[in-house]
Amino acid sequence: MAIYSVITGTGSYVPPVEMKNEDFLSYEFYNNEGEQIFTPPAEIVGKFKEITTIESRRYAADDQSTSDLAWYASEKAIEAAGIDKEELDYIIVAQNFGETQPGSISIDTLPSLASRLKAKLAIKNPYAVAYDIIFGCPGWVQAVIQADYFIKSGDAKKVLVVGADILSRLSDPHDRDCMIYADGAGAVVMEARESETPVGIMGHITRSDADYADMLFLGGSYKKERAEKKELYLKMHGRKLYQYALENVPAAIKAGLDKVNIPISDVKKVLIHQANGKMDDAILKRLYRLYNIKDVPYEVMPMSISWLGNSSVATVPTLLDLVQRGEMKEHEIKSGDIIILASVGAGMNINSIVYKVP
């Protein structure tokens with residue numbers, strides 16, 4: 001009998017404020033040289049949708065903080081798992097900007113989001129270790145990988161893994177890329193399970209490429225008057241990042257499958273970070289090309305980006321929860337299915353998990 005890590009409960013929180021593409025028609029956009037872009041707003045927004053497939057996204061309400069979003073998602077995951085929260089050995093929160101408040105771009109990381117979350121969950125057990133992980137958009141997937149190590153080593157039996165970010169408060173309203181970013185939270189409860197046959201997390205792979213570390217960064221506003229305030233906003237080299245992902249994510253996913261000797265034909269679902277709809281389609285196409293498969297089964301890849309946007313560390317766990325709860329009608333995950341959980345983002349980091357549904 002071996003010990004495996006299985007997901008016993010999922011939860012997510014989709015914030016209440018819907019921001020549609022047409023809500024950006026009144027925005028004043030500038031390029032990275034500080035020059036105003038006079039292209040008609042409708043044309044800018046139309047081109048944006050064509051490139052990303054995003055039509056709307058969700059923002060946190062003014063009275064919500066990042067730890068609030070994490071709390072709501074965690075409560076759902078704990079309830080779904082049917083566990084006593086006092087039995088948790090670890091609470092790992094993947095995030096990128098700590099606690100956030102409306103009207104401010106300040107990043108508050110003391111105490112950690114995990115500590116704040118543990119307090120909001122009212123967990124009294126002092127041995128439920130709470131800490132954050134910052135790993136760009138792949139942070140939640142990496143936190144699951146860490147939890148897997150804790151469980152398989154015998155150090156933990158139950159772990160809460162959460163991904164929560166509020167990107168809307170850190171995005172530059174004068175940068176067209178602000179239309180990509182969204183807010184949200186997703187969570188899972190992972191537990192140890194003894195089994196004679198492999199189940200749960202079968203294997204995983206992670207890579208970090210420092211040569212591309214500057215793809216995502218914090219920088220000044222593109223509008224000069226705002227830039228003079230020395231405030232730092234979320235920025236990215238979009239085209240270079242897109243190309244980097246296409247060249248490296250498919251190979252990383254394949255390497256993860258090869259590591260556990262599972263063919264792509266056995267994979268029922270590919271849950272990938274919701275960064276850009278067309279990019280994800282291209283990644284899937286290139287993945288199957290690596291197996292010399294021309295007819296790509298796009299139905300294996302659930303997508304939520306068109307209506308939820310890119311909520312960074314929250315996209316993959318939110319997608320998993322939506323499918324598990326039957327809220328994506330064309331998709332389901334059944335016992336025995338092999339699924340992929342994968343992400344790419346700041347660092348540049350890429351990771352992928354091969355998971356067999358118990």
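## A sheet of five strands

Let's start with one pair of residues: Tyr90 stands opposite Val129 of strand 5. This is a predicted model, and the pair is a good way into its architecture. Strand 4, which covers residues 90–94, runs parallel to strand 5, and 5 bridges hold the two in register as a pair. In general, the strands of a sheet pair through backbone hydrogen bonds, in either the parallel or the antiparallel sense.

Where do strands 4 and 5 sit in the sheet order? They belong to an open sheet of 5 strands, arranged 1-7-6-4-5 with mixed pairing. Strand 1 (2–13) and strand 5 (129–133) are the edge strands, and each pairs on one side only. On average, neighbouring strands here are turned by 20 degrees against each other, direction ignored.

## A salt bridge between strands 6 and 7

Side chains of opposite charge can pair when their charged atoms come close. Lys158 and Glu191 give you an example to look for: their side chains form a salt bridge, with 3.9 Å from N to O. Lys158 belongs to strand 6 (residues 158–166) and Glu191 to strand 7 (residues 183–195), so this pair ties together parts that are 33 residues apart in sequence. Over the whole structure, a search finds 14 salt bridges.

## A sheet of four strands

There is also an open sheet of 4 strands, with the order 8-13-12-11 and mixed pairing. Which strands stand at the edges of this sheet? They are strand 8 (200–208) and strand 11 (267–272); each has a single partner strand, so one side of each is left without a neighbour in the sheet. Neighbouring strands of this sheet are turned by 15 degrees against each other on average, direction ignored.

Strand 12 (residues 338–345) and strand 13 (residues 349–356) run antiparallel and are joined by 8 bridges. If you would like a residue pair to find on screen, try Ile339, whose bridge partner in strand 13 is Tyr355. A helix also meets this sheet: helix 9 (residues 315–324) lies across strand 11 and strand 12, and runs at about 135 degrees to strand 11.

## Helix 2 against helix 3

Now for the helices. The axes of helix 2 (residues 66–81) and helix 3 (residues 113–120) come within 9 Å and cross at roughly 55 degrees. That angle makes helix 2 oblique to helix 3. The crossing of these two helices is right-handed.

Which residues of helix 2 meet helix 3? On the helix 2 side they are Thr66, Ser67, Asp68, Ala70, Trp71 and Ser74, and these meet Leu113, Arg116, Leu117 and Lys120 of helix 3. By character, the residues of this contact divide into 4 nonpolar, 3 polar and 3 charged.

## Helix 6 against helix 7

Helix 6 (residues 238–259) and helix 7 (residues 277–289) have axes that come within 9 Å, crossing at roughly 40 degrees. The two helices are therefore oblique to each other, and their crossing is right-handed.

From helix 6, the residues in the contact are Tyr242, Gln243, Ala245, Leu246, Glu247, Val249, Pro250, Ile253 and Lys254. Their counterparts in helix 7 are Lys278, Met279, Ala282, Ile283, Arg286 and Leu287. How do the residues of this contact divide by character? There are 10 nonpolar, 1 polar and 4 charged.

## Backbone details in the loops

Most residues other than glycine have a negative phi, and most peptide bonds are trans. A few spots in this model deserve a look with that in mind. Leu110 and Pro111 are joined by a cis peptide bond, with omega at about 0 degrees. Pro111 lies in the loop between strand 4 and helix 3.

Another cis peptide bond runs from Gly347 to Met348, with omega near -10 degrees. Met348 is in the loop between strand 12 and strand 13, the two strands joined antiparallel by 8 bridges. Finally, Ala122 has a positive phi of about 60 degrees although it is not a glycine. You will find Ala122 in the loop between helix 3 and strand 5.

How values were computed. Residues are numbered from 1 along each chain as its sequence is written. This is a predicted model: local features need pLDDT of at least 70, side-chain atom pairs count only at pLDDT 80 or more; totals for chains, interfaces and linings use all residues. Side-chain values use heavy atoms; hydrogens and water are left out. Axes are lines fitted to C-alpha atoms, for helices over the stretch in contact, and angles run from 0 to 180 degrees between N-to-C directions. Angles under 35 degrees count as roughly parallel, over 145 as roughly antiparallel, 65 to 115 as roughly perpendicular and the rest as oblique. A crossing is left-handed if the near helix is turned anticlockwise from the far one by less than a right angle, and right-handed if clockwise. Contact means heavy atoms within 4.5 Å. Ala, Val, Leu, Ile, Met, Phe, Trp, Tyr, Cys and Pro count as nonpolar, Asp, Glu, Lys and Arg as charged, and the others, Gly among them, as polar. Two strands pair if DSSP finds at least two bridges between them. A salt bridge is a side-chain nitrogen of Lys or Arg within 4 Å of a carboxyl oxygen of Asp or Glu.
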